[in-house]
Amino acid sequence: PADFIPIAEECGLISELGEAILAKAATIALLWPSEIMLAVNLSPVQLKDVNLIDTVREVLAETGLSPSRLELEITEGTLADTSPQFIKVLNDLKGLGIKLAIDDFGTGYSSLGYLKHFPIDNLKIDRSFVMGLESDTANQAILKAIVALGHNLGINLVAEGVETERQRDFLLSIGCDEMQGFLFSQPLPFDQAGKLLLAQDKLV
């Protein structure tokens, strides 16, 4: 993705590619347990596409995926745009019944003030703050502050890049809501991911 997405953005194919990915992902998610959320990344270029809202609405209608199961992730740097038009796009997406997340939170060097202006449901804390937290007291302090800030604003916190049990235990101790990383699973093709989710669902 780090190689082909910039090319797709530059040559104008990202919106078409994004629509196809969203439709495919939504179709696959219907095979998973109904409580499992589907998270799909949005390119900053897609957020400027005037057809984005209609595209998401049509994909949900055509696939039958419940809007409440879809989360669209945007990069923190995207939120530097505080124009009324951009805020309207985010509110219109929320109006479809989906959730919005900020991906790689903490790396965008933008003002925290946007958190009270934008309709954000989830903050995904960048893995750079999780790596080595066992011995890095500065990262521990930053993580505590982010979790406290998010909870005070009613935002769900997700830690990325969790690889050890000590990292997991620390994040649990400070009230982090969700985690993702190699401790739980390596990245999997969709068919194997589905089998893992279905197996876990039977254990509950």
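**Helix packing and strand S2 in the predicted model**

Glycine 175, placed just after helix H7, adopts a positive phi of about 90 degrees. The structure described here is a predicted model, and the surroundings of this glycine are considered before the other elements.

Helix H7 comprises residues 165-173, and Gln167, Phe170 and Leu171 are buried within this helix. When H7 is viewed down its axis, the buried residues fall within an arc of 100 degrees, so they line one face of the helix. These buried residues of H7 pack against three elements: helix H6 (137-152), strand S5 (156-159) and strand S6 (178-179). The face of H7 that is turned away from the buried side carries Arg166, Leu172 and Ser173, which are exposed.

A second region concerns a pair of helices. Two packed helices are described by the angle between their axes and by the distance between those axes. For helix H4 (residues 52-63) and helix H5 (residues 84-95), the packing angle is about 15 degrees and the axes lie 10 Å apart. Angles under 35 degrees count as roughly parallel, and H4 and H5 are therefore roughly parallel to each other. The crossing in which H4 passes H5 is right-handed. The contact is formed by Leu52, Ile53 and Val56 on the side of H4, which meet Val89, Asp92 and Leu93 of H5. By class, the residues of this contact comprise five nonpolar, no polar and one charged.

The remaining results concern two residues of strand S2, which spans residues 70-75 and includes threonine 75. Glutamate 73 is likewise located in strand S2. The relative accessibility of glutamate 73 is 4%, and this residue therefore counts as buried, given that buried means under 20%. Apart from neighbours within four places in sequence, glutamate 73 is in contact with Ala39, Val40, Asn41, Leu42, Ala101, Asp103 and Lys124.

Threonine 75, by contrast, has a relative accessibility of 33% and for this reason counts as partly exposed. With residues up to four places away in sequence not counted, threonine 75 touches Pro44, Ile102 and Asp103. Asp103 is thus among the residues touched by threonine 75 and also among those in contact with glutamate 73. Lysine 124, one of the contacts of glutamate 73, is 49 residues apart from threonine 75 in sequence, and the C-alpha to C-alpha separation of threonine 75 and lysine 124 in space is 9.7 Å.

Methods
Residues are numbered from 1 along each chain as its sequence is written. This is a predicted model: local features need pLDDT of at least 70, side-chain atom pairs count only at pLDDT 80 or more; totals for chains, interfaces and linings use all residues. Side-chain values use heavy atoms; hydrogens and water are left out. Axes are lines fitted to C-alpha atoms, for helices over the stretch in contact, and angles run from 0 to 180 degrees between N-to-C directions. Helices (H or I, at least four residues) and strands (E, at least two) are DSSP runs, numbered from the N terminus. Angles under 35 degrees count as roughly parallel, over 145 as roughly antiparallel, 65 to 115 as roughly perpendicular and the rest as oblique. A crossing is left-handed if the near helix is turned anticlockwise from the far one by less than a right angle, and right-handed if clockwise. Contact means heavy atoms within 4.5 Å. Ala, Val, Leu, Ile, Met, Phe, Trp, Tyr, Cys and Pro count as nonpolar, Asp, Glu, Lys and Arg as charged, and the others, Gly among them, as polar. Buried means under 20% relative accessible area, exposed over 50%, partly exposed in between (1.4 Å probe, protein chains only). The arc is that of the directions from the helix axis to the C-beta atoms.
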